[in-house]
Amino acid sequence: MGNFLKTQNAFGGGEMSSEFFAQNNSNGLSKLENVDVLESGALKRRAGLKKIANTTSGAIIVPLSISESEKYLLVISHQIVDVYSNDAKIATISAPWRGSDLSKLQYAQRFNKMFFVHPDYAPRILTKTATGFNISAFSFKVNSDASVNIPFIKFDDTDGISISITASDLGNNYATFTTNVNFWAQNSVGERLYVNGKQWVVFSVQDERVAVAYTNGGYTLPGYAIYDWTEAVFGDRRGWPCCVSFHQNRLIFGATKSLPNYLWMSKVGDYYNFDTGSGLDDEAIYVTLLAAQHHQISTIVSSDKLQILTSKGEWAISNSPLTPSNVDVKQHTNIGSDITQYLPPQKIESKTVFVSGSGNEIRELDLDALAENYHATDLSAFARHLIKNPISMSYNQTGHKLFVVRNDGIIAVLNKYDAENIVAWATYKTDGDFKYVATLDNYTYVIVNRSGTISLEKFDDTCLNDAATYNFNYTISAFPMIVNGHSPINLRARKISMRVINTKTLFVNGKRVEIPNYVYHADNTGYNGDLSINLLGSQTDVLQPLWTISSSEQLPATILSVTIDGTYSI
C-alpha cells in the first residue's frame, strides 16, 4: 500500500471514451456534462438558455449577416420563413419548402441575398430590400433571342432516342415532338431542350411518345429524325441543384439527382449566366468528378481551395484564378460525407470541419505543411461514444465551441483551442430535446422540443437556468487513476481539494462542499480560492471515477484544479 497526492490542474482532454481508461491521461475526464472547457483548461458550468419565441416542429435556423449592424436569423419551417432581428420577429414570408424537405435544404449568401437549393425544388433567392424581405425564383440570364444561359447535356438514357419535329396547330413557334420510343412524362412540361439549333420548352405532353414544345420565333422543319439533341441539366424531370456555394466570384451549383457527380460554375461576377461560350477565362465552367467508385456530391465549401465533399471522399480544385482551361480537380481523402441530410461544414481557424458519412466521426480537413494536400484529422477519436447520428452542427467562433446536435436530443460540444492544444468534448442536456443549432453574431441559437412545445432559444451567460423555467445539472467525473505508473486495485480517498473562482455551488460525490455564507449575496460573483472535503472510504472498482463534482443548483461554478490525497494498493 502506498500514498498518493495527485493534482489535475487542466482538463483539456475533455470527456474521453472508456477504451482509454487504462492510459495515464493527465487532463482527461470520464464524464463532462453541461460544462465548458476554457482556454486555460479550467472548467465552467455552461450558460443557460434564453427563450426567444415558440416555433414549429422540424424548423431549421439560417443566419443572415449583411453587415455589422444588420444581422438576421431566418427560422424556416413548413412553407414559412420567420425573420428575427435582435431576437424579435420582424417578418414572415411564404416559402415553397415543406417541413419534411428542410433537412436537405442548402444555402449560400452573397451580399443581401441568400441562395437556397434543394434537389426537388427550383432554386430560390431570399433578398433583403429597402422595404423588407422577399423570396423569388432563381432565373437564368435570358439572351436577346429569348434563349437562357442554362447548362445542357446529352443524358445517357437518351442515347438512341430520336425526335421528329412536325408542325403544330397551336402557332408558328409551336411544334410536335415525336420520339421513336416512350420518353415523355408529365414532369417534362416546362423542361428546356436544345434541338435543331434552337432552345425549346416543352408545353404539353400528349402521351409517352408525343409532346408539344415552343421556341422563340419561327423554325425550319428538318425533314428527318434528330438524334443529336440535349436537355437542360436542371428541371423537374432531371432534378435541381443539391448544393450551392460562391467561389472566386462565381456561383457554383453541385449535383442533381440525375447528375450527382457534376459541378456547374457561372461566369465570373455574372451569377445567373452559365454559358460556356468560347472558353474565355471568365466564362462558365462545368466539372465532372471521375473516379473508380460512384461519388455523389454532398456539399461544396469555398476555402483556400474549392472543397468538394462527396459520399466517398473529399476533393478540391486548387486553381487560382479558376478558368475553363485551368481546372485541376483532385481527390485528397476518402472519408465521405452524409448525403441524406445537410450538415453545414464549419470553418474553424481556416480548417473545414465536417461529419463523416458513417455519422460517428467529426473530421477536420486541413492542408499539409506544403499547402498541397489535404488530410482529414479525426477530432472525435478520443470521444467516439459522444458522436451518434448528428442532425445539426454549428461553430461559435467567439466561444471556440462546436455544437453537434444528436438525434437523441443531446448536444455534443467540442471546446477547441489550437494554440493550447485543447480538443475537449462534453455534452449539453436540457429538460427536453435539442433539435437544431446555428450561430449568429457570437450567439448560439437552438430549436428545443420541451414536451411538445417547440421553442427558439439562445445560450446566454446571464441565464443560470434554461428558458427561465428548466433547471439542469452539471457533472464532472474524474478519469480512472494511474498511480506511479501502476493500475491500482484499491483506492482510498482521504481528502479532495478544489481551487475555484466565481463559484457558488459544489458537491463532491454527492456531499455539499461548504462555501462561506457571504458568497450567496446577490452582488457577490462567487467564491475565489480553495475548498476541500474529507472523503473516507475505499474503492475497488477502479474504472469508476474516484471523484465526481456536480450540482443541480442554478448557481455559477468554475473549477481550476482538483487535488486528491489518498492511498492505493496494487
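Two strands count as paired here if DSSP finds at least two bridges between them. Keep that in mind for what follows, and note that this is a predicted model.

**Strand 36 and its neighbours**

Let's start with a hairpin: strand 36 and strand 37 make one, with four residues between them. In its turn, Asn421 has a positive phi of about 60°. The two strands run antiparallel and are joined by seven bridges. If you want one contact to look for, try Asn415, whose bridge partner in strand 37 is Ala424.

On the other hand, strand 36 also pairs with strand 35, which covers residues 401-406. That pairing is antiparallel too, over five bridges. Here Leu402 has Leu414 of strand 36 as its bridge partner. Strand 35 and strand 36 form a hairpin as well, again with four residues between the strands, and Gly409 takes a positive phi near 90° in that hairpin.

How many residues of strand 36 are buried? Seven of its seven, so the strand, running over residues 411-417, is mostly covered; buried means under 20% relative accessible area. Look at which way the residues point: Ile411, Val413, Asn415 and Tyr417 go one way, while Ala412, Leu414 and Lys416 go the other way. Both sets are buried.

**The two pockets**

Now for the open spaces. The largest pocket has a volume of about 1200 Å³. It is lined by 40 residues, and the closest to its centre are Pro63, Pro345, Gln346, Lys347 and Thr439. Several strands give two or more residues to this lining, among them strand 7 (60-67), strand 30 (346-348) and strand 38 (433-440).

The second largest pocket comes in at about 670 Å³. Of the 28 residues that line it, Asp36, Lys44, Ala47, Asp460 and Asp461 are the closest to its centre. Strand 35, met above in the hairpin with strand 36, gives two or more residues to the lining of this second largest pocket. So do strand 4 (35-37), strand 5 (43-45), strand 39 (443-450) and strand 40 (453-460).

What kinds of residues make up the two linings? The table sorts them by class.

| Pocket | Nonpolar | Polar | Charged |
|---|---|---|---|
| Largest pocket | 21 residues | 15 residues | four residues |
| Second largest pocket | twelve residues | nine residues | seven residues |

Note on methods. Residues numbered from 1 in each chain as written. Predicted model: local features only at pLDDT ≥ 70, side-chain atom pairs only at ≥ 80, totals over all residues. Heavy atoms only, no water. Buried < 20%, exposed > 50% of the residue type's maximum accessible area, 1.4 Å probe, protein only. 1 Å grid on protein atoms, 1.4 Å probe; cavity = no way out; pocket = protein on both sides within 12 Å on 5 of 7 lines; lining within 4 Å. Points joined across faces, edges and corners; volume = space filled by probe spheres on them. Nonpolar A, V, L, I, M, F, W, Y, C, P; charged D, E, K, R; others polar.
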